[in-house]
Amino acid sequence: MYRVLEVNITTSTLKLVRQDFSGPFCSISFSGAMLTPELFELLPDYKTLSAYYLCNPRLHYPANFTCSNKGVGSMNQDDFNHNNCGGSFNITVPIGYAPEEEGLNVTNLESVLKKGFEVKLNIDERPCRECKSTGGICSYDVATPVCCKRNSSSELECIPMIPSGSIIANDPSPLQDFCVAIGDLKNGVFVNGKFCKDPKQAKAEDFFFQGLNKAGNTTNRVKSNVTTVNVDQIPGLNTLGISLVRIDYAPYGQNPPHTHPRATEILVLVEGTLYVGFVSSNQDNNRLFAKVLNPGDVFVFPIGMIHFQVNIGKTPAVAFAGLNSQNAGVITIADTVFGSTPPINPDILAQAFQLDVNVVKDLEAKFKN
Ligand code: MN
């Protein structure tokens, strides 16, 4: 266990000393009490040394010491052969400390160890900022990051910032005001999918799109049409993690089962009547979540879930949907599975879908690009 000697909130550093280092060197616990390295980073003013003990007493060791219960030991110097010692543990000392060449000056080492060492707390910045903004102090309870505040009766209360077992989720945040996408920079590398225009050259048009009042053409096999407004239509959407679609459905048309690999979708029905749904993953036993929507109704399709919408009315339907990606991507299940180039071997799909191989061949012909 460690005792905290000093706390510096501005630099997030702590001065720590091992509790057993307050007594004589030979009475300390000869074991490494490791601090979680992901949470505590040793400041560069300090270094770690290895102390070996239960060494062969007939040999000579540099910086040697003798403890009645741990036999002969040695404070490690570089290239020291420790094969003749029974155990070791680490100590943290100031960078300037060098064990004596011959016999270890134990009294000096004890006073060095008692002064402790400094570590930087690697508290995840966002929860810590939130903690500070509510008047708290970020700290640790053993290895759990906690936010400590005075309660109404002015006692210090510490609550975990990330309760164990929970998951942190967040939207991506851009590193600048905007990053308007430009076409191709010859032989360049992709940055987040697209290059950024010089911000000084950005103009209102980069953030603008026209025409979502117009219905898409629904004369096709599934009698629906999706008009996308993503980073390809609005270059200013680059890095912003959001996009939009308009979906038109002829009577009894459908937006067939598909999934967006990079986005959750939130859909609002403006006109008509839709039957919509998504199916959860295998882990959740492939449950269908479905609903009939009327104008003004909203439905959410979580990221990655296979979902669909069907116009169950006699009139055209119109919906708009937001997606939390500049480029959500679409995988239409039937087109992807039966319309790949080159086609997947029909025997494979026949077994996978438990279909007659001729049915698969027929499907592959229909979905052929
Ligand atoms: Mn969708």
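Two residues are in contact if their C-beta atoms, placed from the backbone, lie within 7 Å. With that definition in place, I turn to the chain before us, which is a predicted model. Among its contacts between residues at least 6 apart in sequence, 64% join residues at least 24 apart. The chain is built from five helices and 23 strands. Of its 369 residues, 23% are buried.

I begin with the interior. The largest nonpolar core holds 18 residues, and those that touch the most other members are Leu-267, Leu-269, Leu-274, Val-276, Ala-319 and Ala-321. Two or more residues of this core come from each of β15 (243-249), β17 (265-271), β18 (274-279), β21 (306-311) and β22 (317-323). Which strand gives the largest share? That is β22, with four residues. As an illustration, consider Ala-321. Leaving aside residues up to four places away in sequence, Ala-321 touches Val-245, Ile-247, Glu-265, Ile-266 and Leu-267. There is also a second, separate core of 16 residues, and its members include Phe-21, Tyr-52, Tyr-53 and Tyr-61.

Next, the pairing of the strands. I take β17 as the starting point. Strands β17 and β22 run antiparallel and are joined by six bridges. Within this pair, Ile-266 stands opposite Gly-322 of β22. Strand β17 is also joined to β20 (residues 298-301), again in an antiparallel arrangement, through four bridges. Here Glu-265 has Phe-301 of β20 as its bridge partner. As a general point, the side chains in a regular strand alternate between the two faces of the sheet.

Strand β18 brings us to an open sheet. This sheet has five strands in the order β19-β18-β21-β16-β23, with antiparallel pairing. Which strands stand at the edges? They are β19 (288-293) and β23 (331-332); each has a single partner strand, and therefore one side of each is left without a neighbour in the sheet. The antiparallel pairing of β18 with β19 extends over six bridges. One of the residues involved is Leu-274, whose bridge partner in β19 is Leu-293. Leu-274 was also named earlier, among the residues that touch the most other members of the largest core.

I close with the backbone, where three sites deserve attention as you inspect the model.

The first site is a cis peptide bond. This bond joins Thr-341 and Pro-342, with omega about -10°. Pro-342 is found in the loop between α3 (333-338) and α4 (346-353).

The second site is Thr-239, in the loop between β14 (224-229) and β15. Its phi is near 70°, a positive value in a residue other than glycine. Is Thr-239 buried or exposed? A residue counts as buried if 20 or more other C-beta atoms lie within 10 Å of its own. Thr-239 has 21 other C-beta atoms within 10 Å, and is therefore buried.

The third site is Gln-354, found in the loop between α4 and α5 (357-367). Gln-354 likewise is not a glycine, yet has a positive phi of about 55°. A residue counts as exposed if that count is 12 or fewer. Gln-354 has 7 other C-beta atoms within 10 Å, and so is exposed. Thus the two residues with positive phi that I have described lie in opposite settings: Thr-239 is buried, whereas Gln-354 is exposed.

Technical notes: Residues numbered from 1 in each chain as written. Predicted model: local features only at pLDDT ≥ 70, side-chain atom pairs only at ≥ 80, totals over all residues. Core = buried A, V, L, I, M, F, W, Y, C linked by C-beta atoms within 7 Å. Pairing = 2+ DSSP bridges.
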